[in-house]
Amino acid sequence: MDHKINPVDVPKRKLYTGEEIPVVGLGTFGSDKYTPEQVSNAVFGAILSGYRLIDCASVYQNEDRIGEVLQRIFKESEIKREELFITSKVWNDMHREVLRSCEKSLKDLQLDHIDLYFVHWPFPNYHAPGCSGDSRNPDSRPFSINEFMDTWKQCEELVDKGLVRYIGMSNMTIPKLEAVLPLCRIKPAALEMECHPGFQQEELFAYALEHGIQPIGYCPIGSPSRPERDRTSEDVADTQMAEIVEIAEAHHVHPAVVCLKWAAQRGQIPIPFSVKEPQYVSNLKCVTEDPLTPEEMEKIRKADKNCRLIKGQVFLWQGASGWEDLWDLDGKITGA
Ligand SMILES: NC(=O)c1ccc[n+]([C@@H]2O[C@H](COP(=O)([O-])OP(=O)(O)OC[C@H]3O[C@@H](n4cnc5c(N)ncnc54)[C@H](OP(=O)(O)O)[C@@H]3O)[C@@H](O)[C@H]2O)c1
């Protein structure tokens, strides 16, 4: 069976410059469950299957392996660097050394530029990869406009130097964006945000679009393999939501695929993760065929459970009352 999806058939979204990028990308966070080699093998297979957008980050600890498979792709296939759109992110412990962090990612990925470089979290609060959910770093502090803008200015300099083409923000809120957007010399091209049927973030999504910022939806399937530290007993499983299951049955697809069709049709760019070929192939193919009906889209819109899965509690500072403090729920920047 030919698994190849022609990248031309994959719908696109426009960035503020008019440049088009694919409506689905591949996530590369192995969730402490999959090895760097499994993830990089998936990147290799996914690109050969038709993926052109790959979402990387230094903290995923696999950029060096991904760099090796990118080189293999350039050597063994007709696919050229400029056909790919590769993202990376500066981790929380490198906010004062963004250039060094970006250079390390470039070296690991074996690239001379990154297409879109994110500030992964808007706090310099560090936690060790794989730490437990209740671990706290005593040096952690609340969001600071000045500190964030210092990090952002360093990102802008990466654009000036030609090391990255676009810069983006991640895990932001409307109050934080309101505070920092007027201070940006180079605007964010994209906002990476948690987004799936059980957590649609309608206001933040609309805010991003109104400001010409492309939403990129992470955990688009509700991250069923996420680490234990990111699980609570109240969490809703998107693939078990009645509305999703019903629509999946009507289309004869897995509920995961319904989450992705919904995301792509709504307007965010989902970046599903999978190391399994049948899964990652169907995750891209599904946006090229058999769309959801307007009624199905509306049914999913109404099914929002406002259930955040990645609560970020490991980034809390001493004195914070709970993970909600990271997300400015009362419309003001908490603790600033
Ligand atoms: N900016 C940020 O702070 C941030 C935070 C989190 C994630 N991300 C990015 O977003 C990406 C995606 O998020 P995620 O990996 O947490 O969650 P996800 O994409 O929602 O879920 C991935 C899991 O869904 C299952 N799956 C995938 N395709 C499937 C299919 N067709 N049918 C059935 N099951 C399927 C797989 O589970 P099994 O492996 O068990 O089969 C896979 O491990 C990450 O890899 C990362 O690149 C960014």
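What percentage of the 336 residues of the protein count as buried? In this predicted model, the share of residues that count as buried is 44%. The views below begin with the whole chain, move to the sheet and its strands, and end at the ligand.

**View 1. The whole protein has 10 helices and 10 strands.** Along the principal axes, the C-alpha atoms fill a box of roughly 55 × 45 × 35 Å. A compact globule of 336 residues would have a radius of gyration near 20 Å, and the value for this protein is 19 Å, so the two agree. Among contacts with a separation of 6 or more, 74% join residues that lie 24 or more positions apart along the chain.

**View 2. Eight strands make up an open sheet with parallel pairing.** The order of the strands across the sheet is S3-S4-S5-S6-S7-S8-S9-S10. Which strands lie at the edges? They are S3 (26-27) and S10 (269-270), each of which pairs on one side only.

**View 3. Edge strand S3 is joined to S4 by two bridges.** These two strands run in the parallel sense. Gly27 has Asp55 in S4 as its bridge partner.

**View 4. S4 (residues 53-55) and S5 are parallel neighbours joined by three bridges.** In this pairing, Leu53 stands opposite Phe85 in S5. Between the two strands the chain passes through helix H2 (residues 63-76), giving a right-handed β-α-β crossover.

**View 5. Strand S5 (residues 85-90) is mostly covered.** How many of its six residues are buried? The count is six of six. Phe85, Thr87 and Lys89 point one way from the strand, while Ile86, Ser88 and Val90 point the other way. Both sets are buried, and the buried residues include the lysine, Lys89.

**View 6. S5 pairs with S6 (residues 114-119) over four bridges.** The pairing is parallel. Ser88 stands opposite Tyr117, and Val90 stands opposite Val119. The two strands and helix H3 (residues 98-109) form a right-handed β-α-β unit.

**View 7. Strand S6 is largely enclosed by the rest of the structure.** Why is S6 described as largely enclosed? Six of its six residues are buried, so the rest of the structure surrounds most of the strand. S6 is also joined to S7 (residues 164-170), with five bridges between these parallel strands. In that pairing, Ile114 has Val164 in S7 as its bridge partner.

**View 8. The ligand has 30 residues around it.** Which of them come nearest? They are Gly27, Tyr218, Ile221, Ser223 and Phe273. Two helices, H8 (255-266) and H9 (277-285), are the elements that give two or more residues to this shell. Of these, H9 gives the most, with three residues. By type, the shell divides into 12 nonpolar, 14 polar and four charged residues. Gly27 appears in two of these views: this residue is among those that come nearest to the ligand, and Gly27 is also the bridge partner of Asp55 in S4.

Definitions and conventions:
Residues numbered from 1 in each chain as written. Predicted model: local features only at pLDDT ≥ 70, side-chain atom pairs only at ≥ 80, totals over all residues. Near = placed C-beta within 6 Å. Nonpolar A, V, L, I, M, F, W, Y, C, P; charged D, E, K, R; others polar. Rg over C-alpha atoms; globule rule 2.2 N^0.38 Å. Buried ≥ 20, exposed ≤ 12 C-beta atoms within 10 Å, placed from the backbone. Contact = placed C-beta atoms within 7 Å. Pairing = 2+ DSSP bridges. Right-handed = clockwise from strand over helix to strand, strands pointing away.
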